[in-house]
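Please open the structure in your viewer and keep the sequence panel in sight. The stops below are meant to be selected one after another.

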Amino acid sequence: MAEIDTAALKANFAEVAGHGPDVVAQYFYGYLFLRNPETRDMFPPSMAKQRDRLLGALVRIVTDVDNVGELVPYLEDLGRDHRKFGTLAAHYPAVGEALITTLRHFSEDSWTEKLQADWTAAYGIVADTMSTAAQKVDESEPAWWDAEITQVDLRTFDIAVLKVRTQTPHPYVAGQSISIEPTTLRPREWRLYTPANAPGGLEIELHVRLIDGGPVSTALVRSASAGDKLRLGPPIGQLTLEPGPPRPLLLIGGSTGLAPLKAIIDQLARDGGRPTHLYFGARSTREIYDRKDLELLAERYPWLTVVIVISDDIRWKGPRGLLGNVVAGPDWSDHDVFVCGSPAMVKFTVAKLIRSGVPENHIKFEDFGDA
Ligand SMILES: Cc1cc2nc3c(=O)[nH]c(=O)nc-3n(C[C@H](O)[C@H](O)[C@H](O)COP(=O)(O)OP(=O)(O)OC[C@H]3O[C@@H](n4cnc5c(N)ncnc54)[C@H](O)[C@@H]3O)c2cc1C
Ligand code: HEM
């Protein structure tokens with residue numbers, strides 16, 4: 001692997017991308033779909049908005065092949081996860097050929113035999129790791145789980161709580177997320193959502209916030225109804241309880257970032273409880289979309305303290321301000337801390353906690369920005 005010049009691969013792609021990311025992606029997909037028409041149906045019907053979702057990610061990963069040792073667990077997950085698209089071992093060479101043909105086309109005179117050999121070798125290593133991991137679980141694990149929406153509860157103008165029923169139990173752990181395709185409403189558009197209950201049965205609760213202009217969240221909040229079909233991919237994420245001696249917990253969630261924290265509380269309750277503070281933050285009282293449940297949980301579990309923090313509503317009698325500012329007051333240095341919400345909220349809160357003395361290795365976080 002030492003002989004692969006990854007710096008040259010990155011420089012070559014930067015030169016190719018200079019032709020315009022849309023133009024390059026269009027060529028790549030055009031070539032792939034023309035030569036392998038069966039792959040077209042794996043991708044969203046309209047690819048205008050996200051043309052480089054695969055191509056951009058693919059190149060970033062392949063040009064990082066000198067870190068392959070560190071990347072192996074991620075690539076194995078990615079390979080297993082790709083089964084939900086219908087990806088088979090035979091598709092990997094097809095994508096590799098489309099990639100290299102695209103790069104050669106746009107590189108023109110700067111294309112060399114060495115570049116061709118290095119791209120081929122780097123892609124081969126990554127593709128082999130992914131497809132071997134996929135084949136290993138082909139017999140033992142479904143490629144996806146079929147499910148159906150059973151209930152839609154529109155809690156605020158832009159947040160819905162959905163109940164979903166799977167046909168067989170989904171193997172997630174409390175705090176993990178699941179890639180979901182709303183098969184009826186937005187076929188072949190996959191997005192991550194996080195169960196708000198612990199696993200075990202067939203029912204999953206999802207909290208979905210509408211993102212302006214976002215196709216999947218808009219469909220789930222505005223148009224979903226009981227009976228709509230979904231497909232669920234394998235679980236992902238590390239926002240989970242660790243084995244070992246339990247420390248008290250501090251859980252911090254902004255808006256629908258509450259979902260994984262509720263799943264963790266549900267799991268703790270099944271395991272006998274543990275001293276836990278839950279801080280939930282929203283801009284206005286109108287956005288406390290799960291208030292009844294939060295009050296119920298605080299009442300039911302003596303080990304749980306719930307604090308609601310509102311940033312922009314002067315009528316709120318409880319703590320007011322940004323979650324990060326409010327939560328960083330007390331000393332949490334002996335707690336395990338979980339933070340979840342928008343990218344801005346997570347970044348700010350984690351920085352505040354570290355500055356207030358919480359050891360970095362006590363903090364786990366997940367943001368709901370780009371996967
Ligand atoms: C690990 C993970 C778990 C997630 N779990 C949930 C969940 O339980 N509930 C939920 O409502 N959403 C969740 N999301 C976000 C979700 O996957 C979608 O990105 C979101 O619903 C928007 O999809 P869309 O198709 O409507 O818009 P897209 O076209 O996919 O997204 C539009 C843009 O909005 C950004 N965005 C998405 N969510 C937020 C946010 N909260 N704050 C700021 N920017 C955002 C995206 O990064 C993207 O750039 C999660 C994301 C990740 C990475
Ligand atoms: C080395 C090989 C590959 C790598 C590194 C790779 C990587 C990725 C990554 C990181 C994503 C985005 C994450 C996601 O949406 O889940 C993605 C999406 C996707 N990949 Fe791959 N991939 C590879 C090969 C393939 C192959 C062979 C196929 C099948 C033809 C394929 C089909 C898809 C599809 C359908 C998507 C979703 C695209 C979208 O939503 O627009 N990938 N890939």
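**A tour of two sites and three residues**

Begin at the second largest pocket, where the lining residues divide into 8 nonpolar, 4 polar and 5 charged. Keep in mind throughout that this is a predicted model.

**Stop 1: the second largest pocket**

To find the place, select E242, P243, P245, R247 and D336, which lie nearest the centre of this pocket among its 17 lining residues. The space inside comes to about 240 Å³. Next, colour the strands β10 (336-341) and β11, since each of them supplies at least two residues of the lining. The largest share, 3 residues, comes from β10.

Now keep D336 and R247 on screen with their side chains shown. D336 lies in strand β10. Is D336 buried or exposed? D336 counts as buried because its relative accessibility is 17%, and the cut-off for buried is under 20%. Draw a distance between the side chains of D336 and R247: a polar contact of 3.0 Å joins them.

**Stop 2: ligand 1**

Move on to ligand 1 and show the residues around it. There are 22 of them, and R191, L192, Y193, H207 and S217 come nearest. By type, this shell divides into 9 nonpolar, 8 polar and 5 charged residues.

Which elements should be coloured here, each supplying at least two residues of the shell? They are β4 (191-193), β5 (203-209), α7 (215-223) and β11 (363-367). Strand β11 was also on screen at the previous stop, as a supplier of at least two residues to the pocket lining.

Three distances to oxygen atoms of ligand 1 can be drawn in turn:

- From L192, pick the backbone: one of its N or O atoms lies 2.6 Å from an oxygen atom of the ligand.
- From S217, pick the side chain: a polar atom there lies 2.6 Å from an oxygen atom of the ligand.
- From T256, pick the side chain again: an N or O atom there is 3.5 Å from an oxygen atom of the ligand.

With the ligand still selected, consider its surface. Taken alone, ligand 1 exposes 920 Å², and the protein buries 82% of that.

**Stop 3: two loop residues with positive phi**

Most residues other than glycine have a negative phi. The next two selections do not follow that pattern.

Select R188 in the loop between β3 (177-181) and β4. The phi of R188 is near 65°, a positive value. R188 is partly exposed because its relative accessible area is 25%.

Then select S255, in the loop between β7 (249-254) and α8 (258-270). Here too phi is positive, near 50°. What is the relative accessibility of S255? The value is 17%, so S255 counts as buried.

**Stop 4: E181 and a long distance**

Go back to strand β3 and select E181, which is placed there. E181 is buried, as its relative accessible area is 4%.

For the last step, add P246 to the selection and draw a line from C-alpha to C-alpha. How far apart are E181 and P246 in sequence and in space? They are 65 residues apart in sequence and 36 Å apart in space.

Conventions
Residues numbered from 1 in each chain as written. Chains lettered and ligands numbered in written order. Predicted model: local features only at pLDDT ≥ 70, side-chain atom pairs only at ≥ 80, totals over all residues. Heavy atoms only, no water. Near = heavy atom within 4 Å. Polar contact = N/O pair within 3.5 Å; in protein donor to acceptor, adjacent residues only side chain to side chain. Areas by Shrake-Rupley, 256 points an atom, 1.4 Å probe, with all protein chains shown as cover. Helix = DSSP H or I, 4+ residues; strand = E, 2+ residues; numbered from the N terminus. Nonpolar A, V, L, I, M, F, W, Y, C, P; charged D, E, K, R; others polar. 1 Å grid on protein atoms, 1.4 Å probe; cavity = no way out; pocket = protein on both sides within 12 Å on 5 of 7 lines; lining within 4 Å. Points joined across faces, edges and corners; volume = space filled by probe spheres on them. Buried < 20%, exposed > 50% of the residue type's maximum accessible area, 1.4 Å probe, protein only.
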